Amino acid sequence: MKNFTVYKVLTRLFFAVLFSVASLCNVYAQSYITQLNTNNNLLLANKTGAAAIYLEQNEAEGLRLAVHNLQQDIYKVSQQRSQIIEQIVPSDTLIIVGTLKNSAIIKQLVSRGKIELTELLGQWEAFQIQTVSDPLPDVKQALVIVGSDMRGAIFGVYDLSEKIGVSPWYWWADVPVKQADSLYVKANTKVREQAKVRYRGIFLNDEAPALSGWVHEKFGTYNSDFYQHVFELLLRLKANFLWPAMWNNAFSLDDPNNSQLANTMGIVMSTSHHEPMMRADKEWHTSVDGKWDYAVNPEKLYQFWQEGAKRHRNLESVFTLGMRGQADEPMGEIENIALLEKIVADQRQILSDTFGKDKLTEVPQVWALYKEVQGYYENGMRVPDDVTLLWSDDNWGNLRRLPTLDERKRSGGAGIYYHFDYVGGPRSYRWINTVPIAKIWEQMNLAYEYQADRIWLTNVGDLKPMELPTDFFLRMAWDPTHWTADSLLEYGQQWAAQQFGEQYAVEIEQLISGYTRHNGRRKPELMTPDTYSLMHYNEAQSISEELQAYVQLAEKIYQQLPAAYQDAFFQLVLHPVKATATLYELNYSVALNKLYAQQGRASTNDYAARAKAWFLADKTLENEYHSRSQGRWAHFMSQPHIGYTHWNNPPANTMPAVMVNEPIDAADMGVAIEGQVDAWPATANLSLDFDYYGQQQRYIEVFNKGTLPFKAQFSLSAPWLILSELPAQIEQQQRIWVSIDWTKVPNSQAVGTVTIKGTGWGGATIKVLATKALDKNIHGFVEADGYIALEAASAKTMQQNIDAKWVEISRHGRTHSSMTGLIQAEDNFLKHIKTAPYLEYDLHLFSSGVITINTYLAPSLNFAPGRGLRFAISLDGEEPQLIDVLAENTNAKWEESVKNGVHKVSSKHVLSTPGAKKLRLYLVESGITVQKIVIDTGGLKPSYLGPQQSLKLP
């Protein structure tokens with residue numbers, strides 16, 4: 001049965017490949033680079049040479065560094081080196097790079113009508129890439145890359161690098177540069193882009209032991225040699241903003257060149273939510289400077305902050321205002337809103353004194369409303385309008401707050417601080433990537449709709465191994481309108497193709513979506529042996545088979561990739577897939593070990609040994625990661641992740657406790673059935689129920705409690721009972737699948753038995769109940785086994801319009817996909833629920849009376865002040881019930897929802913008669929994302945994910 005399930009998973013992946021080829025082709029149709037010399041295409045490089053790059057002497061050093069990298073990139077791709085020139089020379093093709101402000105040649109091209117740059121005037125970080133014929137005397141063709149400012153031009157340069165085949169991750173993930181004998185820009189190319197979010201960046205955080213161990217080994221300290229690679233990665237991803245590493249690190253003191261290099265390259269520096277005024281936490285020494293408390297030590301703190309402002313007076317920075325306790329703790333009890341307002345006022349005075357009173361509102365400033373600080377704001381504290389309000393998620397990827405209509409009018413705007421990594425409750429998560437890109441899109445799309453677009457910042461922890469979500473977050477930050485719910489699959493394929501080529505891009509997207517979906521269900525640090533059900537819906541085994549199928553596919557691709565790509569594939573795909581599956585198998589083996597010990601099985605010790613083997617496999621994978629590429633990425637997998645007992649990580653991975661059994665030196669039969677912990681002979685109450693429209697196979701396990709084998713004999717009481725096989729000899733245990741030949745079931749309900757005899761006197765008798773509905777006029781999703789399970793996306797969408805609609809988010813949620821409600825920020829349907837867009841499901845129920853509907857939703861929060869998180873539900877034409885997902889908004893409920901990856905809400909409904917029914921979910925206000933619906937008619941069993949979707953009849 002296991003091999004069959006693996007085959008099904010692999011078959012599903014295969015057909016996904018076939019149906020996704022067209023999507024992948026569309027991705028590459030967008031590139032303006034080709035290897036074909038046709039249609040007056042512009043030559044960049046071929047076997048005879050490469051086009052020169054013209055850059056004027058007065059352009060900024062940051063742009064010059066980017067152009068130098070472009071020169072290197074063209075060489076890496078084509079083995080031809082472009083010259084960087086400052087004087088125009090006669091040529092067939094030329095690359096011209098410059099800014100509107102500094103480039104005389106760009107201005108000349110505009111005045112001669114060769115290019116039109118009006119749309120770039122006054123814009124923030126915009127660029128235009130355009131082919132121009134006869135741009136200058138003695139130049140036949142030019143590729144002109146012009147920026148509205150220095151960073152705009154830099155982003156245009158790196159856009160060209162990326163298009164010719166250099167991944168932004170070439171250094172950080174060993175992604176090979178794609179080789180090409182020739183490079184051409186397609187004729188009549190004209191690309192114009194600009195940043196839609198002003199500051200887009202990352203926070204290097206929680207960086208010990210992994211990142212710090214690596215930095216200390218490779219660079220000595222967090223110095224400019226290290227940060228140069230961080231800055232370049234950000235720029236290649238069209239990002240511009242950084243909160244630097246701060247665990248026992250101080251950016252400006254670790255290397256005096258750090259700040260100047262950031263400014264030169266074009267990276268805007270800031271400091272984290274608890275490090276005001278461009279001063280690192282580790283720059284404050286209590287033994288020398290006194291207490292970190294403005295109520296008792298204002299003079300020293302004021303001077304400390306003055307020094308930070310002075311140090312960054314000539315460096316592009318965003319100044320963090322406010323104050324938290326030292327080491328990222330809440331402030332003391334004596335702190336209050338009045339004191340915090342004085343702190344901000346004094347910090348603003350420092351900035352006014354440093355930059356000039358008339359310049360104060362031009363100095364970028366941010367107030368991070370993180371954790372308890374948001375409470376100060378909600379209780380009335382305010383800062384001047386030119387200060388950016390940086391709202392935060394709940395540390396688990398769910399936005400706590402978004403700007404109201406009035407707040408959107410503030411000149412400082414608003415931003416978002418997001419998390420891919422976190423140290424804190426209910427459990428720290430830092431080891432590997434656990435964030436599906438669909439989750440990022442769902443939340444950050446809301447942020448953009450609510451105009452939180454001044455700063456997008458994400459905590460990436462150690463940076464590796466968060467390459468995938470970091471890439472998506474920063475690309476979405478550059479242009480949130482480009483990525484929609486419909487294009488997330490395309491993004492995954494595009495990312496895979498960029499790193500590894502087109503051949504396996506579709507399969508690789510399946511793998512990265514698969515392992516991140518699993519980790520998004522429950523983060524590895526929260527995984528326990530009892531997370532997934534061993535008893536119901538074949539849940540634990542199905543997940544094991546799904547993950548093992550991913551491992552098989554990943555290993556197959558790895559073996560087929562050219563050797564040059566294998567290190568990158570190991571880091572970005574194979575390792576996280578195998579590490580995810582390994583941790584799951586460890587917990588699955590421990591779960592089976594404990595169950596089998598309780599049932600007295602001889603195999604108990606085998607599963608203890610399996611658990612230990614998986615624990616060792618985890619360590620082996622860690623060692624392999626650290627040894628790849630001649631140890632280039634040592635330390636990055638050193639974060640403990642097994643053996644958590646509270647919010648913080650253990651000092652080292654800890655093997656879970658396992659049970660040991662001493663089987664008797666004889667043969668002794670035991671019998672267990674699906675859905676029941678107690679086994680025969682401890683209990684004689686064994687029964688399997690079958691529903692014509694429900695689960696078609698259920699299992700019996702015959703096991704040995706001793707060391708000697710025995711023969712099991714089966715007898716069936718009815719001709720409609722079918723067994724998958726009859727075991728000849730039981731060494732340890734064997735699973736036998738029971739099914740029903742419905743053509744031979746005589747009535748609507750029949751009872752039979754399966755009797756098993758083995759060792760000793762008597763034997764086990766399993767009662768089998770088969771229920772067959774007589775009604776043939778059945779359509780829609782059919783009740784069976786006491787429930788109807790629905791994936792949210794199985795609905796018909798009704799009453800949709802451009803401003804209010806349900807949209808499917810592919811790969812979102814724990815099982816299939818999700819339906820999210822998109823609605824204008826201030827709109828709702830509270831007064832006219834029946835006019836709202838709704839999801840409709842056709843059902844057929846055999847039950848009547850009171851039933852329960854469980855709706856599984858994304859664990860979103862009520863990010864709009866003064867409202868809940870509401871939708872409405874109606875069954876069989878009843879008046880819609882308004883449901884507030886956060887009606888019980890306690891910390892315990894929040895912890896439950898983020899641990900499980902869902903909010904689950906229940907509603908009661910009364911059905912007077914069975915038969916055909918319609919279920920409707922109405923969109924009431926924004927923020928609602930539905931993953932799954934399970935209707936409990938009396939037979940729903942406990943499980944983590946709920947049953948798989950019910951049968952649907954046409």
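Strands S11 and S12 run parallel and are joined by three bridges. Strands here are DSSP runs of E with at least two residues, helices are runs of H or I with at least four, and both are numbered from the N terminus. Two strands pair if DSSP finds at least two bridges between them. One such bridge sets Ile202 against its partner Leu242 in S12.

This is a predicted model, in which local features need pLDDT of at least 70, side-chain atom pairs count only at pLDDT 80 or more, and totals for chains, interfaces and linings use all residues. Residues are numbered from 1 along each chain as its sequence is written, and side-chain values use heavy atoms, with hydrogens and water left out.

**The barrel**

S11 and S12 belong to a barrel. Eight strands close it in the order S11-S12-S13-S14-S15-S16-S17-S18, with parallel pairing. Neighbouring strands are turned by 25° against each other on average, direction ignored. Axes are lines fitted to C-alpha atoms, for helices over the stretch in contact, and angles run from 0 to 180 degrees between N-to-C directions.

Helix H6 (residues 224–236) packs on this sheet. H6 touches S11 (199–204), S12 and S13. Contact means heavy atoms within 4.5 Å. The direction of H6 makes about 140° with that of S12.

S12 (residues 241–243) continues the barrel to S13 (residues 268–270) through two bridges, again in parallel. Phe241 stands opposite Val268 in S13.

On its other side, S11 meets S18 (residues 455–461). Six bridges join this parallel pair. Gly201 of S11 stands opposite Leu457 in S18.

Is S11 covered or open? S11 is mostly covered, with six of its six residues buried. Buried means under 20% relative accessible area, exposed over 50%, and partly exposed in between (1.4 Å probe, protein chains only). In a regular strand the side chains alternate between the two faces of the sheet. On one side of S11 sit Tyr199, Gly201 and Phe203. On the other sit Arg200, Ile202 and Leu204. Both faces are covered.

**The open sheet**

A second sheet is open. Four strands form it in the order S19-S21-S24-S23, with antiparallel pairing. S19 and S23 (721–723) stand at the edges, each with a single partner strand, so one side of each has no neighbour in the sheet. The twist averages 25° from one strand to the next.

Inside this sheet, S21 and S24 (residues 733–740) run antiparallel and are joined by six bridges. Phe703 has Gln733 as its bridge partner in S24.

**Two residues and their surroundings**

Gln695 lies in the loop between S20 (686–691) and S21 (698–704). What does Gln695 touch, not counting residues up to four places away in sequence? The list is Glu674, Phe690 and Asp785. Asp785 is 90 residues apart from Gln695 along the chain, yet their C-alpha atoms are separated by 7.5 Å. The side chain of Gln695 also makes a polar contact with the side chain of Arg698 (3.4 Å). A polar contact is a pair of N or O atoms within 3.5 Å; within protein, one must be able to donate a hydrogen and the other to accept it, and residues adjacent in sequence count only if both atoms are side-chain atoms.

Arg64 lies in helix H2 (residues 61–78). Leaving aside neighbours within four places in sequence, Arg64 is in contact with Leu55, Glu56, Gln57, Asn58, Glu59 and Glu86. A polar atom of the Arg64 side chain lies 3.2 Å from the backbone oxygen of Gln57.

**Unusual backbone**

Most residues other than glycine have a negative phi, and most peptide bonds are trans. The table lists exceptions.

| Site | Backbone feature | Loop |
|---|---|---|
| Gly425 to Pro426 | cis, omega near 0° | Pro426: between S17 (414–419) and H13 (437–449) |
| Trp680 and Pro681 | cis, omega about 15° | Pro681: between S19 (669–673) and S20 |
| Gln79 | positive phi, about 65° | Gln79: between H2 and S5 (84–85) |
| Asn188 | positive phi, about 65° | Asn188: between S9 (183–185) and S10 (190–194) |

Are the two positive-phi residues buried or exposed? Gln79 has 44% relative accessibility, so it counts as partly exposed. Asn188 has 74%, so it counts as exposed.
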